[in-house]
Amino acid sequence: MKYIRGVFEDFEYLIEIDDQHIPLRQISLEDGNVEISCRFDCLAEGKVFIEDLDGFVEYIDKNIFENRWKLEANKYLDEWRLEKESNHLGNSVTGVIKYFYPQGIIIQTESVQAIFPVRNHESINQIHSGSKITGVVAGYDETNMWLILKDVKLLK
């Protein structure tokens with residue numbers, strides 16, 4: 001993993017990328033507002049190469065990224081604990097596809113985000129943002145505070 005910090009005009013961001021330059025997590029700061037990619041659609045699209053980024057850009061230590069991530073994610077921990085208590089393994093959930101991340105399809109349920117970890121979502125016919133789906137809770141992504149779904153089906 002590599003960690004990047006960039007500043008462009010009034011916008012600052014920290015991005016975690018894997019060895020193939022695919023963004024996995026992002027913290028975006030603008031005008032006093034902070035968004036983290038596990039709660040907001042702020043993850044960089046496509047591969048990230050430091051030489052292609054505008055403004056001041058630098059590699060940073062993993063600890064700098066992780067400390068800021070924890071600081072921002074902690075604001076949602078109480079909510080996350082309640083969601084896990086309400087969404088036990090094996091429970092069925094229904095939601096709407098919000099967006100597509102490299103890790104999979106992000107689904108907004110009534111009260112929490114979930115992920116269907118399929119990397120080749122382009123091969124799934126008729127799936128697009130706004131599609132309504134149902135799935136079974138298979139686990140929890142603690143880092144991103146997402147329910148992990150399996151047996152996902154498109155609803156009509």
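Two strands pair if DSSP finds at least two bridges between them. Helices (H or I, at least four residues) and strands (E, at least two) are themselves DSSP runs, numbered from the N terminus.

The model is a predicted one, in which local features need pLDDT of at least 70, side-chain atom pairs count only at pLDDT 80 or more, and totals for chains, interfaces and linings use all residues. Residues are numbered from 1 along each chain as its sequence is written, and side-chain values use heavy atoms, with hydrogens and water left out.

**Exercise 1. Give the strand order of the open five-stranded sheet and name its edge strands.**

Step 1. The order is β4-β3-β2-β1-β5, and the pairing is antiparallel.

Step 2. β4 (33-36) and β5 each pair on one side only, which makes them the edge strands.

Step 3. On average, neighbouring strands of this sheet are turned by 15° against each other, direction ignored. Axes here are lines fitted to C-alpha atoms, for helices over the stretch in contact, and angles run from 0 to 180 degrees between N-to-C directions.

Step 4. Take one pair inside the sheet: β1 and β2 (residues 11-17) are joined in the antiparallel sense over seven bridges. Lys2 stands opposite Ile17 in β2.

Step 5. Helix α1 packs on the sheet and touches β1, β2, β3 and β4. The direction of α1 makes about 70° with that of β3.

**Exercise 2. Find which parts of the chain the salt bridge between Arg5 and Glu58 links, and classify the exposure of both residues.**

Step 1. A salt bridge is a side-chain nitrogen of Lys or Arg within 4 Å of a carboxyl oxygen of Asp or Glu. The whole structure contains eight salt bridges.

Step 2. For Arg5 and Glu58 the N to O distance is 3.1 Å. Arg5 lies in strand β1 (residues 2-8) and Glu58 in strand β5 (residues 56-59), 53 residues apart, so the pair links distant parts of the chain.

Step 3. Buried means under 20% relative accessible area, exposed over 50%, and partly exposed in between (1.4 Å probe, protein chains only). Arg5 is partly exposed at 23%, and Glu58 is partly exposed at 28%.

**Exercise 3. Describe the salt bridges that Glu72 makes with Arg68 and with Lys75.**

Step 1. Arg68 and Glu72 meet at 2.9 Å, N to O. Because they are four residues apart in helix α1 (residues 62-73), about one helical turn separates them.

Step 2. The bridge between Lys75 and Glu72 has an N to O distance of 2.6 Å.

Step 3. Glu72 is buried at 4% relative accessibility, Arg68 is partly exposed at 27%, and Lys75 is exposed at 58%.

**Exercise 4. Locate the largest nonpolar core and the elements that supply it.**

Step 1. A nonpolar core is a set of buried Ala, Val, Leu, Ile, Met, Phe, Trp, Tyr and Cys residues joined through side-chain atoms within 4.5 Å. The largest has 32 residues, and Ile107 and Leu147 have the most contacts inside it.

Step 2. Elements that each supply at least two residues include α1, β3 (23-30) and β7 (104-109). β6 gives the most, with four residues.

Step 3. A second, separate core of seven residues includes Tyr13, Ile15, Ile50 and Val57.

Technical notes:
Contact = heavy atoms within 4.5 Å.
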